[in-house]
Every structure is written in C-alpha cells, then in structure tokens.
Amino acid sequence: MTTIDRARVQHVAGLARIALTDDELDRFTGQLQVILAAIEQLNDVDTSAVPASASVLPLLNVMREDEPRPSLPVEVVLAQAPDREGDLFRVQASLEERPDA
Amino acid sequence: MRELPRTITEAAQKLRAHEVSAVELADAFLEAAAADPNNAWLRLEPDHARAQAAAADARLKIADAPVLTGVPWACKDIIGTKGIITTAASRILEGYTPAYSATVVVRLDESGAVMLGKTNLDEFAMGSSNENSAYGPVRNPWDPTRVPGGSSGGSAAAVAAGQAIFALGTDTGGSIRQPGALSGVVGMKPTYGRVPRYGVIAFASSLDQVGPLTNSVEDAAIVCEALFGIDPHDATTIDRPVDVRRDLDAGVKGLRLGIPREYFTPTGVEPGVTAAIRAAIAQFEKLGAEIVDVSLPSTDKGLAVYYIVQPSEASANLARYDGVRYGLRVAGKDLVDTYRKTRGAGFGPEVKRRLILGTYALSAGYHDAYYVKAQKVRTVIKREFDAVFEKVDALITPTSPTVAFPIGSKANDPLQMYLNDVFTLPVNIAGLPGLSMPCGLSEGLPVGLQIIANSYEERMLFRVAAAFEAATEHHRQRPMKDRAA
C-alpha cells in the first residue's frame, strides 16, 4: 500500500464525480493520509489461506420467476425530476455531433 | 394526562384500560415533540399521526389489536415514508418525497403504531455524533452541550427525552447502539438479514440493519417481532422464527457469558466506563451466570476492515445521487460537470470524504490491496466470533469507549471520531445481533453495556438483557428535568 497525495485525491474525486474546492482538497488529503495509515494494519493479518467475505449470510442466489409485475406509475416517478420532457428525464446532451465528422 | 407513558407495555395497558385514547396519546406526544429543544426532529407530521391514531382507536375497540396499536413512534429520516419528505439529513435530497414506504414502515403501519414524524441523523447515517446533519447537530437531553451519539442521534434523543415511546434507527457500524449508550436508552441491532432493508436509503448494504431504540428491553423485543421476517423485496432477508420474547423471564442462571479481553485493553476507554461495565459483570455473576474470559484477537483490525468495506459500498450506493431523477441539481457546462457540481454542493464533508476513500479503495491498482484484503480480514473476524460462540451464550462489552462528548470536540479529527465505534462495528462486520442498554452513570452521563449474541439468537440476547434490567435500576435514570427543558 502507499500513501495518498493531493493529485491522487483530486483524481479520485473526479472518478467519484465530486467537485472539491481547493480548501477541501487540502483538508481531505491530510485527513485521508491519517485514515489510510490506520488502515495499513490490515497487512499485519496473514490471510494467505483465507477466503474473502462479501457477505456474512449463508445465502448464494435467491431466485424467483421472471414475471412482469406492477411498477410505480410514470407520473409519480417523474414528479421528483429536476427537469423532464414528456415521460423522460431531461439532461444535457452527453454526445455532441462533431462538425468535422 | 398526568405523566406520559415511557414504554410500549405501559402505553398498551393504558390504551386497553381506556385511561387514554390513541388520539389523546398522539396529541400529547406531538406537543412534547414540538417543544423539543434538542433539534431531534426534522419534521413532525401531526395530520398523519392523528389519522393513524383515530384508526388505532377504532381498532382498539375490537379485541385482538396488536400490542403496538396506538403507540407513538419516531422514524429516522433515512427510512423512506410514502408521501412524507425523506432527506437522509442531506441537502442532495432536500424535499425528496418517496413514492413508497419502506417495508419496516409498512409493518409498523399494519401493527397500528402511530408515526409522529422524522428524526435527525448524521447525513446518510455517516457519523457517530449527529454533527454531520445538513440540518444542524442534535443536542443530548442529558447535557445540551454534548452530542447524543450518532448516526441515529435524533431517534435516541427523542426517546430519551420522552417525545416518542420508541424510535427506529439504522445501524451500519454502531449507529443505533452508540447513540443508545450516549443518550441512556436501549438500542438494538438485529442479526443481518432479520429486517428488510427495502425502502431504507442504502449506505453500506452488507452491514446496514434497521432496529429499535426504546426505554425497556421488552419494548425492543416487541418492536423486533413486528419488524422481523422475510420480505420478497429484499433477497437478503432470512426466514427464521421471530418469537424473540419467549425467554425474557428465563434469567441468566447457568448461562456462560464471555468477556472478550480485547474490549478492555485499548487505551482511550474511560475509567468511568470500565468501572460501570465491571460492576455489570459482577451483577451477572451474582445472578448466577458463569463469567468466562475469552479472546477475539483481531478486534483491533475491525476499524480498518470497516473503513474499507463501508466506504466502498457507500461509493457504489451513493452513485445514484446525480441530479437526474430526483433531488438537487446544480447545472454545469456539460453532463459530467453537472454531476460533479451537484454532488459537490449536495454532499457534506464527511460524505465526500468517505466517497473518495471508497472510490480510492475500489480503483484500479488498489482494489486487491484494500478491498479484497479487507474482505479477507472480515472472514477472520467472523471466524473468531464463531469460535467464541462455541464456548459462550453471549458476550458482554462496553458499547462505547466514552460517555457523550462535547459538541465540536472531535469534529476536525475524523479518525478520533471513527474510534467511537471500535466496540460496535465488529458486530456489523460479523453480522451478529447486539444490544446496548443503560448500566449506570459516569460523570453524570449514561454508560452503555453492550450484549452480543450469535447470529439469529435474539431470544438469548433479550434474555440476558432482560435479566440485567430486572435486577437493576439503571434504566430508571432520566435526563435531569431542568437540563432537558
């Protein structure tokens, strides 16, 4: 493991889609260094013969018939939308036409 | 009404004796909650509560009304309520109104309980002090300069101050038990899989469970019986018998109670807390339990496991808050910039810190070193508990290393804040049931005793807790009136 620096915090915040102020970036970098240093002690445990647990449940897959069932009315769901067009959520275009294409 | 009932059993008896109607009870509790000086509530819902109370009164005229019929309760605002604003104490969900209720709310509705309103919490349940709410901190009814614990701080404070008879909280690393301890009430986290998570705003899905905060052990068991059971909407629910009240009067004579030595050695456990727990252990011995010294060697690795697994799961769960389908939207120059600005403005500092930590632990090149390693150590911790429960019926530990601390005292030191949960989070890592109950005062503030049982052994958990409560007077301690007012 390695420590985290300001540039990496900025990179990871980008992956997490979170805009940070310069002040937040400074503060979080220091705090995350302290937290990650405490997490280093995981290396003290020998896990060479230990499987990973994603869950503590004695369950694998829970199956059911794939049948259509009633869902929430479109109007109820769209009522919470910050912006809509008809029965759709409206967002900015994610793909633009390139004039040279 | 001269004095409001404190417990479900007391309220149920008064309602059936027609000493009070459900509507009168709801009005009296709404009045007490409206006068709350501690910022425990984000929203009261008087019309909703009175309608439920009127229906409860009609039901109480018929013989077989469930015990919760007409009993006023408080709902942590991370649990979805149809038609009633649910914010998770976050700006990003300001004004969000769920289109459906969580299964736990449906079950309490069906049991006839009366929901008074929604309680304050740390944003998305991330915190141990309730200082991370976007709507301001909650004050402790025992001392308004101190935190009530978190993240279910509003639920704990409301029950401690007598503004609700019980409350629901959620517990991912101690968020029911630790505020229960710091606010002097019973707080109980069920075995993972006991309670449906459907409709509860997800934080860390392999750790989250809903559970009760109450003024008595029997009350906690009553609420559990209403909440437990398989739900087709949550594939992680387990079908097991739910009659967890059956052994409440069985006592602890002949039971083997384990004292894990690692919970008594770390520096930072206040002497007043240790003294109260030692006295409780002596009490159990007097009641005929056999006290057994046991070891859970990897206890001190729990925090590291938790601060990888939990933020990793949170980073996936909270990806849905993107300003597209509901909640806050802050427009940017393009779609990705809108996501970034919305999440930058909508999340508070603790949530951002954890999402960055979780994203880092899952990112290319770090995934095996952090996330997979933490999952392996999780297995080690679970196996240590499994081995100990071959030898003992339950474990006795402190709930929290300290009593309630002053508001602001740990706000700038996340790691210090995380250490509050060092005794509660191993229980979530292993998926076990745990309960905190009052066991005395230190410096005039409540100390919590934690009891841990094996998976699905809630009946044993409540048996041990009920024996302690019956033999002691700690649960009768109340916040001082002049302080609470």
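In the predicted model, Val114(B) touches ten residues that are listed here without counting those up to four places away in sequence: Ala22(B), Ala26(B), Ala49(B), Gln52(B), Ala53(B), Ala56(B), Gly70(B), Val71(B), Pro72(B) and Trp73(B). Both Val114(B) and Trp73(B) belong to the largest nonpolar core, which holds 161 residues, and these two, together with Ala164(B) and Ile356(B), touch the most other members of that core.

The wider fold of chain B comprises 16 helices and 11 strands, and its C-alpha atoms fill a box of roughly 65 × 55 × 45 Å when the extent is taken along the principal axes. For a chain of 485 residues, a compact globule would have a radius of gyration near 23 Å, and the value of 21 Å found for chain B therefore agrees with such a globule. Of the 485 residues in chain B, 62% are buried. Among contacts in chain B that link residues at least 6 apart in sequence, 76% join residues at least 24 apart.

Chain B also meets chain A, in a contact that takes 54 residues from chain B and 42 residues from chain A. On the side of chain B that touches chain A, at least two residues each are supplied by helix H9 (302–317), helix H10 (335–346), helix H11 (349–362), helix H12 (367–388) and helix H13 (414–418) of chain B, with H12(B) giving the largest share, 11 residues. When the residues on this side of chain B are sorted by class, 27 are nonpolar, 14 are polar and 13 are charged.

Methods: Residues are numbered from 1 along each chain as its sequence is written. Chains are lettered from A and ligands numbered from 1 in the order in which they are written. This is a predicted model: local features need pLDDT of at least 70, side-chain atom pairs count only at pLDDT 80 or more; totals for chains, interfaces and linings use all residues. A nonpolar core is a set of buried Ala, Val, Leu, Ile, Met, Phe, Trp, Tyr and Cys residues joined through C-beta atoms within 7 Å. A residue is buried if 20 or more other C-beta atoms lie within 10 Å of its own, exposed if 12 or fewer, and partly exposed in between; C-beta atoms are placed from the backbone. Two residues are in contact if their C-beta atoms, placed from the backbone, lie within 7 Å. Helices (H or I, at least four residues) and strands (E, at least two) are DSSP runs, numbered from the N terminus. Ala, Val, Leu, Ile, Met, Phe, Trp, Tyr, Cys and Pro count as nonpolar, Asp, Glu, Lys and Arg as charged, and the others, Gly among them, as polar. The radius of gyration is taken over C-alpha atoms; the globule rule is 2.2 Å times the number of residues to the power 0.38.
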